[in-house]
Amino acid sequence: QVQLVESGGGLVQAGGSLRLSCAASGRTFSNYAMGWFRQAPGKEREFVAAISWSGRRTYYEDSVKGRFTISRDIAKNTVYLQMNSLKPEDTAVYHCAADSRPYRTNYYASSPAEYGGWGQGTQVTVSS
């Protein structure tokens with residue numbers, strides 16, 4: 001089982017940037033695809049971005065393409081979400097998640113059901 005701890009959230013003005021970090025321990029981090037999801041008050045959990053276990057493929061929700069970048073540092077057992085040009089509608093609790101199985105590439109990266117480990121979340125608030 002993998003344990004995930006998010007950090008880096010905070011309050012920023014529209015147009016600003018934040019870099020979220022997700023530190024992993026337990027399972028072999030490099031063998032699992034990783035994803036970021038967010039949940040705003042009164043809304044369902046929403047897919048944001050994902051990166052394959054190999055790091056060769058990334059996936060983004062349409063509204064964040066060109067603004068957010070997901071990456072991973074295997075040596076540090078950490079996945080990042082660089083968030084630029086932030087908008088008020090990006091306000092949410094952001095969670096990182098690990099795929100339920102290792103070495104998987106043929107999966108629905110945008111589906112929460114595909115992930116087996118979740119962090120506690122970090123709050124991102126974007127003011128206008």
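Modeller: Let's kick off with a rule: a salt bridge is a side-chain nitrogen of Lys or Arg within 4 Å of a carboxyl oxygen of Asp or Glu. What you see is a predicted model, where local features need pLDDT of at least 70 and side-chain atom pairs count only at pLDDT 80 or more, while totals for chains, interfaces and linings use all residues. Residues are numbered from 1 along each chain as its sequence is written, and side-chain values use heavy atoms, with hydrogens and water left out.

Biologist: Okay, why is the contact of Arg 38 and Glu 46 called a salt bridge?

Modeller: Their side chains meet at 2.8 Å, N to O. That is within 4 Å, so the pair passes the rule. The structure holds six salt bridges, and Arg 38, Glu 46, Arg 67 and Asp 90 are linked in a network of them.

Biologist: What makes Arg 38 buried or exposed?

Modeller: Buried means under 20% relative accessible area, exposed means over 50%, and partly exposed is in between (1.4 Å probe, protein chains only). Arg 38 has 6%, so it counts as buried. Its partner Glu 46 comes out at 29%, so that one is partly exposed.

Biologist: And how do you know what to call the contact of Arg 38 with Tyr 94?

Modeller: A polar contact is a pair of N or O atoms within 3.5 Å; within protein, one must be able to donate a hydrogen and the other to accept it, and residues adjacent in sequence count only if both atoms are side-chain atoms. The side chains of Arg 38 and Tyr 94 are joined at 2.9 Å, so this is a polar contact.

Biologist: How do you know that Asp 62 and Lys 65 form a salt bridge?

Modeller: Same recipe: the N to O distance is 3.2 Å, so the pair falls within the 4 Å limit. Asp 62 has 59% relative accessibility, so it is exposed. Arg 104 and Glu 114 qualify too, with their closest N and O atoms 2.8 Å apart. Both of them sit in the loop between strand S9 (92-99) and strand S10 (115-118), so the pair ties together parts that are ten residues apart in sequence. Arg 104 is buried, and so is Glu 114.

Biologist: Why is the link of Cys 22 and Cys 96 called a disulfide?

Modeller: A disulfide is a pair of cysteine sulfur atoms within 2.5 Å. Here the S to S distance is 1.9 Å, so the link makes the cut. The count comes to one disulfide. It links distant parts of the chain, with Cys 22 in strand S3 and Cys 96 in strand S9, 74 residues apart. Cys 22 is buried, and so is Cys 96.

Biologist: What makes Phe 37 and Phe 47 an aromatic pair, and of which kind?

Modeller: Rings of Phe, Tyr and Trp (its six-membered ring) pair if their centres lie within 6.5 Å; planes under 30 degrees apart count as stacked, over 60 as edge-to-face and the rest as tilted. Phe 37 and Phe 47 are 5.6 Å apart, centre to centre, with 70° between the planes, so they form an edge-to-face pair. Phe 37 lies in strand S4 and Phe 47 in strand S5 (residues 46-51), so the pair ties together parts ten residues apart in sequence. The rings of Phe 37 and Tyr 115 have centres 5.2 Å apart and planes at 80°, so that pair is edge-to-face as well. Phe 37, Phe 47, Tyr 115 and Trp 118 form one aromatic cluster.

Biologist: How do you know whether Phe 37 is buried or exposed?

Modeller: Phe 37 has 0% relative accessibility, so it counts as buried. Tyr 115 has 6%, so it is buried too.

Biologist: Why do we say that S1 and strand S3 pair?

Modeller: Strands are DSSP runs of E, at least two residues, numbered from the N terminus, and two strands pair if DSSP finds at least two bridges between them. S1 and S3 have five bridges in the antiparallel sense, so they qualify. In that pairing, Glu 6 stands opposite Cys 22 in S3. The four strands of this open sheet come in the order S1-S3-S8-S7. S1 (3-7) and S7 (68-73) each have a single partner strand, so they stand at the edges.
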